[in-house]
Amino acid sequence: MSFDIGLIWSRMPDILGGFGLTLVIWLVGCLAGIALGFLVAVLRRNVAGLNIPLAAWMEVTRGTPFLIQLFLLYFGGPFIGLSLEPITAGLLGFTLYGAAYFSEIFRAGFAAVPRGHIEAGECLGLSQGQIMRRIIVPEMAVLVLPALVNMIVLLLKETAVLSIITVPELTMMISAIGSENFVFVESLFLLALFYWAMVEIAGWLGRQAEVKLASFRPAT
Amino acid sequence: MKRRLFCTLTGATAVAGAMSGFSRAARAQDALTQMKANGVLRIGTETAFAPFDFIDPSGKHVGFNLDLFAALGKDLGVKVTYTLLPFEGLLPGLEARRFDLVGGPLTITKARMERYRFLPPVSEGTVALLKRRGDSSITKPADIAGKTVGAGKASAQLAQLRAFTETLPGKTSIREYVGNNEAYADLAAGRIAAVGNSFPNVNYVATQRPQVFEVVTPPFGKKTYFGYLGRKDADSAPLLDVLQAALLKLRADGRLAGLQKTWIGQSIETPEAVTAPEV
Amino acid sequence: MTWQLFQLLVTAAGLTVFISAVSIMIALVLGTIVSVVTLSPKPAFALAGRTYISFFRGVPLLVQLLLIYNLLPVMGIDLPGIVAAIIGLSLCTAAFQAENLRGAFASLPRGLVEAAEMAGFSAAQILRRVRVPIAFRLALPALANEAIFTLRASSLVSVVGVVELTRTAQDLASSTFLPLQLFAAAGLLYLLLSWTIAALGHVMERRMRWGRV
C-alpha cells in the first residue's frame, strides 16, 4: 500500500481541522436537534392547531433524502433571499434533519409514559405544567434514552454528506488530500477507519451513559 | 471492547493491504484488444464542465467532448460509452479501469504527466476569473485579494488559483466545489466574489448568462492546455497510440478547429504534441 | 419549471425505484442471514456477524460506495456502476435490517420455539417455519422504515456514476438555473415514493395479522 505516513503527518493540521469540524457539527447539531425535536413533540402534544402542520413538516423531512434537503437549503435558498455560508447551511440542515427523528422519538416516549402516573399526579393536585415537568418529562427521558443514543450515533456518519455542499469536514479534507496526491483508495480506507472508530467510540460512550441512567428507569 | 475495536481495525488494515497487493497482481487484457473485441471505447467524464461536457435543459448530454468522441468513434468504427462521475471521481475511476480515457478535458500539468499519459491538447486551458456582472470591485485578477473565491475541488485550476492568491496581499480564501456549476451558482448568489476556471469555461458561462456573469480579463494563470488522458501502463499504450493518431487526424483535417469554433466560439492554437507544462 | 422538466425527473425516478427496490430485497435476505449468524452460539460466527453490522453501520455510505466502486475492478471484478451502487446500498441496508431482526429474534416468545421442538421440528425447520416468519412479523414496522431509509440513501449513488433522481435534478438545476423548483420537485417525488413504501408496509402488516404474538 503506497499510503505514506509522512503525507498524513504533513497534512495533519488539515485532517485535524476537518475532524474538529465534523465533531462540532455533530455535537452542536445533535444538541440543537434534540432541543428542537423536543419542542416539536411538546407542541404537537399540547397545541392542537400545530399538530398537523408540524406533522407535515416532520413527514417531509423523514421522507426525503438529506442531500435533497441540503441542496434545497443551500442552492435554492438564495432564490428566496436566504444565502447561507456552507458551514451555516450544513449545520442548519443537519439540525433540522436530526430534529425530525428526535421529535418522533420523544413522541413515542410521551405515549409510553404510563397513564396512571399522570392520573396520580392529577389526584395529588399538581398543575398541568407541574405534571409535565415533574412526571412526564423525567420518565420519558429515561424511556427514550436508548433510542436517543442510537440516533445520535447514527447521525455522526450522516455528517459526511455535508462534504457535497463544500463544508470542509473530515470527508472533504481527507478526500481532497487523496485527490491531490493520487492516493484515492488509500484515502477512502483512512476515511472508513476514521468513521468506524468514531462511531464505535461514540456507541461505547452511549452505552456507558445508558447503564448509568438505567437505575432511574421507572417501574412499570 | 477496546480489544474488539483493535482487532477489527487491524483486520480491516490487513484486508486493505491484501487488496492493494491484489491490484498489482491482477492483469487485465490489453485495452486496445478489449476495445476491438467489444467494439466500445470507454470514456469517463464529468457533466459539470460546459461547454466541453454538460447536460442541456432538455436533459441531453452534449458538448465539445461528445462531438469530438463521436467523430473519433466513427473513424475507429467503435461505439463510445460514457461513465459520468463527479470530477474528483474521474482519476480514481481510470486507475480502477472503469474506463480507458478521461474526458473532461483536464489541464496538462507536471504532476498529472508523471502519472498519466495525455493525448495531444484539444484546447487552451489558461485560468481566468468569472465575476458577477457589474461588480466594480474587481476589474483585474489581483482585485480578488482579501475576498472569497471558488474553484473545482481537486482541479488544476484550483491549484493555480491557490498559487495566485498566495502572491496577493491579505488573506484570500478559496472555497472548493465538487462541481463547477455549484461554484457558478454560489457566485450568482453572492456567496463568493469570483470563480477561477479555464478561459473557455468561464467565457462560455458568461455568454450563456450575460446579465449575470462577466469574465475578468486578462486570464491570470500561466498558459496551459487541456487534454484527454489515459493510464501510463503498457496495457493502455497501444490503445492510446491509436487514439492519438485518430485525434491528430481530426486536428489535421480541420474537424477539431470546427468543434472549437462551435463550442468555444473561436478556433484555438494548440501544439501537435504535449509540451512541457508550466504548472 | 416546465412539464417537460418534471417528466425528466419522473424518468430518472424510475432508476431510483429500481435501484432501491433491488437493494431492499437483497438487504432483507442478507440481513436475515447476518442476524441469524450473529445469534449463532459459535463465538467466531457471532463475532463475524457483529463485525459486519458494526462496519456497515459505522462507515458513511458515501465512503462505502466509493470503496466498492474503486476496489472491485482492481480485484478483477468488472461490474458497472449501477451494480456497485446496488451492492453498496444492499450491504449497508442489510446491516441495519440485521440489527432490526436481531432485536425481533431476541424477543421471540420462548414457548413458541419450545412448542415446535416438542412437535419434533428440526432446528432448521424451526428457523425457517417459526423463528424467521415471526421475527419478520415483529420487525415489520422497523423493516419498512429501513426500506424508506434505503430509498433516501439511494440519492448518494451518483458518486459511482449512476444518474438517478437526485443527480438529474442537480444537472437540470445547473442548466436551467432553477434549483429551487427542481430540488423541490425531486423532494416531492421522493416523498411520494416513501409513502408508497410505508403503505406497502401497512398492507403487509395487515396481511400478517395471523402471526400476532
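Biologist: Which elements of chain B do the buried residues of α9(B) pack against?

Modeller: This is a predicted model, to be clear. In it, the buried residues of α9(B) pack against two helices, α2 (31-38) and α3 (64-76), and three strands, β6 (101-107), β7 (116-118) and β14 (225-231), of chain B.

Biologist: OK, and which residues in α9(B) are buried?

Modeller: Four leucines: L239(B), L240(B), L243(B) and L247(B). They cover an arc of only 90° around the axis, so they sit on the same side of α9(B).

Biologist: Why would residues three or four places apart point the same way?

Modeller: Because an α-helix has 3.6 residues a turn.

Biologist: Which exposed residues are on the face turned away from the buried side of α9(B)?

Modeller: That face carries D241(B), A245(B) and A252(B).

Biologist: What span should the 16 residues of α9(B) have?

Modeller: At 1.5 Å a residue, helix α9 of chain B, residues 237-252, should span 22 Å, and this agrees with its end C-alpha atoms, which are 22 Å apart.

Biologist: What comes just after α9(B)?

Modeller: G254(B), with a positive phi of about 85°.

Biologist: Switching topic: how many residues do chain C and chain A put into their contact?

Modeller: Chain C gives 26 residues and chain A gives 25. On the chain C side, the elements that give two or more residues are α2 (43-58), α3 (61-71), α7 (165-176) and α8 (179-207).

Biologist: Which one has the largest share there?

Modeller: α8(C), with 10 residues on the side of chain C that touches chain A.

Biologist: And what's that side like by class?

Modeller: The side of chain C touching chain A has 18 nonpolar residues, 7 polar and 1 charged.

Definitions and conventions: Residues numbered from 1 in each chain as written. Chains lettered and ligands numbered in written order. Predicted model: local features only at pLDDT ≥ 70, side-chain atom pairs only at ≥ 80, totals over all residues. Expected span 1.5 Å × (residues − 1). Buried ≥ 20, exposed ≤ 12 C-beta atoms within 10 Å, placed from the backbone. Arc of directions from axis to C-beta. Contact = placed C-beta atoms within 7 Å. Nonpolar A, V, L, I, M, F, W, Y, C, P; charged D, E, K, R; others polar.
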